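Welcome! Here are a few exercises to work through with the structure in view. Try each task before you read its solution.

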Amino acid sequence: MFIGYTVYREAYFEVFAQASNHLNIWLGGINTAVLICSSLTMALAVHAAQIGRCKSMVWFLLLTMVLGALFLGIKFTEYYHKHEEHLIPGSDFLFSDGNSGQAEIFFSFYFAMTGLHALHMIIGLGLLVYLAVQAGRGRFSDLYFTPVEITGLYWHFVDIVWIFLFPLLYLIGRH
């Protein structure tokens, strides 16, 4: 998707920049901050697991879940606004700035890329729920915390993907 996006962005840069201006940079920026904070809380959960502080680990996992859910809530709010503005690709798509077909390509990439990211966030939340339940049952210690560490790596990877998506989608032509 990143390669396809790059090819079309190069071909239709002006229209992609116009379409990008229909995204809410503030909500995208808040979501970026939320995910950076969730990476911190996930790292703290892994650290708590490494030193055998199960109760702290559960709290950090719960906080990570709250931040992940907040991210998704903001993202779905953005999706709702795009629905209201008729900027969801399909028969109802309406782009008033001209070059509707090219703008529809931008929004197709926007929804595909952010939607796939959201799916991975939902999977991550499921993993965090599992870890919190297992931690609450005392399944982890300073000698065994591999699932927490691996899930932390997954969470950080998903966060890093957003760090690339935000400027690619929201900051085109804004200087």
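A crossing of two helices is left-handed if the near helix is turned anticlockwise from the far one by less than a right angle. Keep in mind that the model is predicted.

**Exercise 1.** Find out how α4 and α6 run relative to each other, and give the handedness of their crossing.

*Solution.* Start with the geometry: α4 (residues 54-84) and α6 pack at an angle of about 25°, and their axes are 13 Å apart. Angles under 35 degrees count as roughly parallel, so α4 and α6 are roughly parallel to each other. Their crossing is left-handed. Next, look at who takes part: α4 brings M57, T64, G68, F71, K75 and E78, while α6 brings V148, W155, W162 and Y170. Sorted by class, this contact of α4 with α6 has six nonpolar, two polar and two charged residues.

**Exercise 2.** Now do the same for α5 and α6: what are their angle and the distance between their axes?

*Solution.* The two helices α5 and α6 pack at about 160°, with axes 10 Å apart. Because angles over 145 degrees count as roughly antiparallel, α5 is roughly antiparallel to α6. The crossing of α5 and α6 is left-handed. Their contact consists of 19 nonpolar residues, five polar and one charged.

**Exercise 3.** Which residues line the largest pocket, and which classes do they belong to?

*Solution.* First, the pocket's volume is about 180 Å³. Its lining is formed by M1, F2, M113, L116, H117, H120, F157, V158, V161 and L165. The elements giving two or more residues to this lining are α5 (100-136) and α6 (146-170). Finally, the classes: eight lining residues are nonpolar, two are polar and none is charged.

Terms used:
Residues numbered from 1 in each chain as written. Predicted model: local features only at pLDDT ≥ 70, side-chain atom pairs only at ≥ 80, totals over all residues. Heavy atoms only, no water. 1 Å grid on protein atoms, 1.4 Å probe; cavity = no way out; pocket = protein on both sides within 12 Å on 5 of 7 lines; lining within 4 Å. Points joined across faces, edges and corners; volume = space filled by probe spheres on them. Helix = DSSP H or I, 4+ residues; strand = E, 2+ residues; numbered from the N terminus. Nonpolar A, V, L, I, M, F, W, Y, C, P; charged D, E, K, R; others polar. Axes fitted to C-alpha atoms, helices over the stretch in contact; angles between N-to-C directions. Parallel < 35°, antiparallel > 145°, perpendicular 65-115°, else oblique. Contact = heavy atoms within 4.5 Å.
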